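Biologist: Got a minute to walk me through this one? I'd like to start with the ligands and then move on to the fold.

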Amino acid sequence: MQIDQPETILSPESLGNPEEQLKQLASERKSRKKWLLIQPVSNTCMMVDSGSVSMPLNLIMVATLACELFDVVFIDERIGDHIPKDLSEFDVVAVTSRTLNASKAYAIGDAALAQRKTVIFGGVHPTMAHDEAKEHCTSIVYGEIESVWTELATDILLGTMKPVYRAQALKPMTSMTHPNFSLALKSKKAKRYSNRIPILATKGCPVGCNFCTTPTIYGKNYRYREIDLVLDEMRYHQERLGKEKIFLSFMDDNISFRPKYFMELLEEMAKLGVRWNANISMNFLHKPEVAELAGKSGCDLMSIGFESLNPEILKTVHKGSNKLGNYKTVVSNLHKNGVAIQGYFMFGFDNDSEESFQMTYDFIMENQIEFPVFSLVTPFPGTPYFDEMKPRLRHFDWDKYDTYHYMFEPTNISGEKLLENFVKLQQEVYKGRAIMQRMKGKPFNWVWLANFMMNRFTKKLKPEIYL
Ligand code: B12
Ligand code: SF4
């Protein structure tokens, strides 16, 4: 672990306002420290990091803050950027990590520590599994960087790193700096990024599903940015790209949790002419006026976690926002307003049986879900579900924590039958005939293309690849 010698000793008088103190410290330095920011690619064999990938807003937010005080180089391994072996030109190596790329992050951290660099880890996995992650870095940022930035940057300048940076209180989102995309877009490989611009209006989700990391990290908090700030950011992108019709992708955990805020935001977005998609929970999507406004404001795709058609399962995962009785209404309201649905369905719960697959197939086909996505239940470290399932987990190989691997034997169905049905369902739903039935009457756009890709991909599936 490298500890730099402080260049400046602060006088007691300068200890007043930490932000002022940081500015002063930075201005007193003869040269700026150099950061290498890394988004690692995962080792998973599944299609998670392939094709066009979304711009990593998490690391972009880190870059946005860091570039004010430090020189920053931004590397995204998923688009083909290479991590230099010789890190001598850098002072700080900062890596973002989720569970599925944790082993990669650790290898990067180890190599950087061996070269006596200050290594900072952030993201969901190091936050949740800090005891393990701390072996591979100098410091871990718990949760969002914004709420600990002043302390972290000050310590970097002084060379007095702490093992963990965890905020006492979360900053209001109003103070969130406008993301600076320029460093991420500098890469020659940036064309591999999806054309959907990531944007954030809210943070947190109080629904409290037991398999999700958000309630563990951010508690019952739900914060939002002022609508004007969100709209300003959209207008900025419209100007930058020289067109009104830009494609935005909300990175929010659950953008519709506060219906009033969400509806006001949509009313204003309808005037901008943008296109957008988002992750959304079903808490009030059954109301026709919500779907109508979503359509009017340019929503072309809603990603909805239906999770399961089995009420017992919804109860066990504490997904109170999902009311089975509303599923059909939600879908038909969105369809009536030209909004396509990316529907997420999970399998492998204790209450799953062969019937679960048939029920899901029927629901998808009858309701013409355009883009169904199937995953296997994956207890992620740090969640209540992980603690509950730990004794039954087949392995702790993080490369396989991508929601496409078989994690434990469910009570009501054998592992073999689970995987057999899992493959069969995907192949049935993405058969040519089934695609035509689900997509009948839908405008020809990228959702059709995604279906054709899935048709090819699912033909090759075999139960063994999920082991
Ligand atoms: C939007 C989203 C997506 C989008 C976009 C993903 C992307 N490329 O960013 C899509 C739909 C594509 C997606 C896909 C997947 N996702 Co997702 N996703 C999210 C969600 C809801 C928000 C992520 C986000 O961008 N938030 C906004 C940014 C600004 O916040 P942030 O990521 O928290 O970053 C802050 C801090 O973590 C910290 N930080 C982050 N990195 C670093 C680095 C350093 C050095 C420092 C100091 C600080 C720092 O500061 C950041 C700024 O505030 C999260 C839930 C969550 N809250 O994390 C799940 C989440 C990350 N996804 C999850 C999963 C499982 C997946 C998939 C595997 C699902 C699947 N089967 O396809 C894939 C994997 C994709 C991949 N290659 O990583 C899990 C990961 C769990 C885990 N332990 O790893 C999460 C946590 C949801 C959950 N179930 O709990 N996802
Ligand atoms: S509704 Fe979504 S974001 Fe909210 S706790 Fe459940 S899985 Fe997490």
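**Ligands, domains and packing**

Modeller: Sure, starting with ligand 2: 13 residues surround it, and C205, V207, C209, C212 and D253 come nearest. Keep in mind that this is a predicted model.

Biologist: How do the residues of the shell around ligand 2 divide into nonpolar, polar and charged?

Modeller: Five are nonpolar, six are polar and two are charged.

Biologist: OK, over to ligand 1. Which residues come nearest there?

Modeller: N58, T96, R98, G122 and E144, out of 36 residues around ligand 1. Four elements give two or more residues to that shell: the helices α2 (57–69) and α4 (124–128), plus the strands β3 (92–96) and β4 (118–122).

Biologist: And which element gives the largest share of the shell around ligand 1?

Modeller: That's α2, with five residues.

Biologist: What's the chemical mix of the shell around ligand 1?

Modeller: 17 nonpolar residues, 13 polar and six charged.

Biologist: Where does ligand 1 lie relative to the domains?

Modeller: Between domain 1 (12–166) and domain 2 (195–466), because both of them give residues to its shell.

Biologist: How far apart are the C-alpha centres of domain 1 and domain 2?

Modeller: They lie 29 Å apart. As for direct contact, 18 residues of domain 1 touch 19 residues of domain 2.

Biologist: Which helices supply the domain 1 side of that?

Modeller: α3 (102–114) and α4 each supply at least two residues there. α4 gives the most, with three.

Biologist: How many residues on the side of domain 1 that touches domain 2 are nonpolar, polar or charged?

Modeller: There are 10 nonpolar and eight polar residues on that side, and no charged ones.

Biologist: Switching topic to the sheet. What's the strand order?

Modeller: β2-β1-β3-β4-β5-β6, an open sheet of six strands with parallel pairing. The edges are β2 (71–76) and β6 (164–166), each pairing on one side only.

Biologist: How much does the twist average from one strand to the next?

Modeller: The average is 20°.

Biologist: Let's zoom in on one pair. How many bridges join β1 to β2?

Modeller: Six, with β1 (residues 34–39) running parallel to β2. To pick one residue of that pairing, I38 has I75 in β2 as its bridge partner.

Biologist: Back to α2 for a second. Which strands does α2 lie across?

Modeller: β1, β2, β3 and β4, and α2 runs at about 175° to β1. So we've now seen α2 in two places, since it also gives five residues to the shell around ligand 1.

Biologist: Which strands does α3 touch?

Modeller: α3 packs on the sheet and touches β1, β3 and β4. Its direction makes about 165° with that of β4.

Biologist: Last topic, helix packing. At roughly what angle do the axes of α11 and α13 cross?

Modeller: Roughly 35° for helix α11 (residues 288–296) and helix α13 (residues 327–336), with the axes coming within 8 Å.

Biologist: Is the crossing of α11 and α13 left-handed or right-handed?

Modeller: Right-handed.

Biologist: Which residues meet there?

Modeller: From α11 you have P288, A291 and A294, and from α13 they meet N333, L334 and K336. That contact divides into four nonpolar residues, one polar and one charged.

Methods. Residues numbered from 1 in each chain as written. Chains lettered and ligands numbered in written order. Predicted model: local features only at pLDDT ≥ 70, side-chain atom pairs only at ≥ 80, totals over all residues. Near = placed C-beta within 6 Å. Nonpolar A, V, L, I, M, F, W, Y, C, P; charged D, E, K, R; others polar. Domains from an automatic or database assignment. Axes fitted to C-alpha atoms, helices over the stretch in contact; angles between N-to-C directions. Left-handed = near helix turned anticlockwise from the far one by under 90°. Contact = placed C-beta atoms within 7 Å. Pairing = 2+ DSSP bridges.
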